[in-house]
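Thanks for coming. I will walk through one model this morning, with the sequence and the coordinates on the screen.

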Amino acid sequence: MESNCVHFLADKTILITGAPGFLAKVLVEKILRLQPNVKKMYLLLRAADTKAAMQRLRSEVVEIDLFKVLRNDLGEENLNDLVSEKIVPVPGDISIHNLGVKDSDLLQRMWSEIDIIINIAATTNFDERYDIGLGINTFGALNVLNFAKKCIKGQLLLHVSTAYVCGENLGLFQEKPFTMGETLSGNNKLDINVEFELMKQKLKELQHQDCSEQEISQSMKDLGMTRAKLHGWPNTYVFTKAMGEMLMGNYRENLPLVIVRPTMITSTLAEPFPGWIEGLRTIDSVIVAYGKGRLKCFLADPNTVFDLIPADMVVNAMIATATAHSGETGVQTIYHVGSSFQNPVTFGQLHESTARYFTKKPLVARNGSPIIVSKGTLLSTMGQFSLYITLCYKLPLLILRLINIIYPWSQGDKYNDDSRKIKLALRLVELYQPYLLFKGIFDDLNTERLRMRRKESIKELDGSFEFDPKSINWDDYMANIHIPGLITHVLKQ
């Protein structure tokens, strides 16, 4: 029996931004594999021209491991033919009017053909430059909305945000949209245009002062963090994403808008194969540092729920929501896609799973010997972490500095190197603290209702659109899927 989702994708023309990002690639592969009768996919990529966009499509999307199932099923030649027939790489940039598409004929074709618009493009750096964060996450989202309104056949705009637009508050977070100008601090009304003008003015001042590019970049990062915290958000990333949601919700008119808010996205659970991941994401930096024996202590409450969700489940939920809402009029619906409400896992559990894995299967050092890991120390408050760092690292570093002053030829390089490492560690902890000690749970009532409706209407024999986190065994996932996937696809071991 053909599922509703597979049937929905047939003969559709879809615009996907954010290629060749992690989630966009999983989505493109899924559509090609399960519905080769999709009419067309326009993929917006940052590139100088069409030739460069095609090169990025080939080297960063189609030729990677993620597509090996399709490659094995179809053969190299047939896969290349399918890609050439179904995918149109478009050089562009969502931070520019009309998404930066310069070819007027191509623009007209896109506006006349596109049925579904899926916006995944984002900058996810927590301390992004304010000008870049506003350009992509905030006004880039508005540019995508304005583009979607010009699509004559447009049935739906699906925007991927993040669950962490909720900020640092405690409790149960519901799937509700922001109102224009809403803040989390409750102190000041947020005016997005004022934020934009303030950023432009600061940038102009810095340029007139003949500041270096590095100084401008740091000032723009500092400005973003300052403005975010003023309005109640912990960092520039979630602040600019929240403002993007506000603009989309306020100016959507009759266009159906679905906002999917995933939590921390991890490696694939099942499709196209278990454990595919690209780059170090969310908790992965901690796992790798621990496996390499570099993490002796860490700031995290062992009882904190860490909301993880595999990438293929996010993509399945995206396709299911598009299927459910396509063609509706004037509807805005929010979907949390995570695990904390239905199948929570704590940092303590993840720590235990990781410790067991690397104790049984240690990584190998450059000299060929196994890296022996200790369980390490978890510190559940910033105060405890700061005290630990001071006693175990800063005081010995001060002694090393004194030695360096008295005997400048002896330990200078080591002091400077260790000092840089400690400053970097403290900077990372400062950035990640809101998530390491996060005390919120994401209600997913809308997502659960969608799951229930789908189960009642159709039974997918192969589970190809599974997005129920209750099906995940976290110990098994970490030990047999996620960590091996990290080692294979990221560490290349």
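**Rings, strands and a few odd backbones**

I start with a charge and a ring: the charged end of K30 is placed over the ring of F465, 4.5 Å from the ring centre. There is a second case of this kind, where the charged end of K68 sits over the ring of F273, 4.3 Å from its centre.

Before going on, please keep in mind that this is a predicted model. Its mean pLDDT is 90, and 90% of the residues reach 70 or more. One stretch to leave alone is residues 406-412, where pLDDT stays under 50 and the model has 6 contacts beyond four places in sequence. Where pLDDT is low, the predicted coordinates should not be read in detail.

Now the aromatic pairs. A pair of rings is described by the distance of the centres and the angle of the planes. The count here is 16 aromatic pairs. One of them is F306 with F347: the ring centres are 5.2 Å apart and the planes are at 70°, so this pair is edge-to-face. What does the pair tie together? F306 is in the loop between strand 9 (297-299) and strand 10 (308-310), while F347 belongs to helix 13 (residues 347-360), so the contact links parts that are 41 residues apart in sequence. F306 is buried, at 4% relative accessible area, and F347 is buried with a value of 4%.

Another edge-to-face pair is W474 with Y477, at 5.8 Å centre to centre and 85° between the planes. This one is local: W474 and Y477 are 3 residues apart in helix 17 (residues 474-490), about one helical turn. W474 is buried at 7% relative accessibility, and Y477 is buried at 1%. There is also an aromatic cluster, made up of Y130, F178, W233 and F239.

Next, the strands. Strand 7 covers residues 257-262, and 6 of its 6 residues are buried. In a regular strand the side chains alternate between the two faces of the sheet. Which residues of strand 7 are buried on each side? On one side they are L257, I259 and R261, and on the other V258, V260 and P262, so both faces are covered.

Strand 7 has parallel partners. Strand 5 (residues 156-160) runs parallel to strand 7 and is joined to it by 4 bridges; within that pairing, L158 has V258 as its bridge partner. Strand 11 (residues 332-337) is also parallel to strand 7, with 6 bridges between them. There, L257 is partnered by Q332, and V258 stands opposite T333. Strand 11 has 5 of its 6 residues buried, so it is largely enclosed by the rest of the structure.

For a single packed position, take L145 in helix 7 (residues 130-149). L145 is buried, with a relative accessible area of 0%. Setting aside neighbours within four places in sequence, L145 contacts L157, L247, M248, Y251, R252 and L255. From L145 to L255 is 110 residues in sequence, and 8.8 Å in space from C-alpha to C-alpha.

On cysteines I can be brief. How many disulfides does the model have? The count is 0. As for individual cysteines, C151 is buried at 5% relative accessible area, and C211 is partly exposed at 23%.

Last, the backbone. Most residues other than glycine have a negative phi, and most peptide bonds are trans. Here are some exceptions. The bond joining A19 and P20 is cis, with omega about 5°, and P20 lies in the loop between strand 1 (13-17) and helix 2 (22-34). The bond from E271 to P272 is cis too, with omega near -5°; P272 is in the loop between strand 8 (264-266) and helix 11 (284-291).

Then there are positive phi values. D11 has phi near 65° and is not a glycine. D11 lies in the loop between helix 1 (4-9) and strand 1, and is exposed at 53% relative accessible area. N98, also not a glycine, has a positive phi of about 55°. N98 is found in the loop between strand 3 (87-91) and helix 6 (104-113). Is N98 buried or exposed? N98 is buried, with a relative accessible area of 15%.

That is what I have; I can take questions now.

Conventions:
Residues numbered from 1 in each chain as written. Predicted model: local features only at pLDDT ≥ 70, side-chain atom pairs only at ≥ 80, totals over all residues. Heavy atoms only, no water. Phe/Tyr/Trp six-rings, centres within 6.5 Å; stacked < 30°, edge-to-face > 60°. Helix = DSSP H or I, 4+ residues; strand = E, 2+ residues; numbered from the N terminus. Buried < 20%, exposed > 50% of the residue type's maximum accessible area, 1.4 Å probe, protein only. Lys NZ or Arg CZ within 6 Å of the ring centre and 35° of its normal. Disulfide = S-S within 2.5 Å. Pairing = 2+ DSSP bridges. pLDDT = per-residue confidence, 0-100. Contact = heavy atoms within 4.5 Å.
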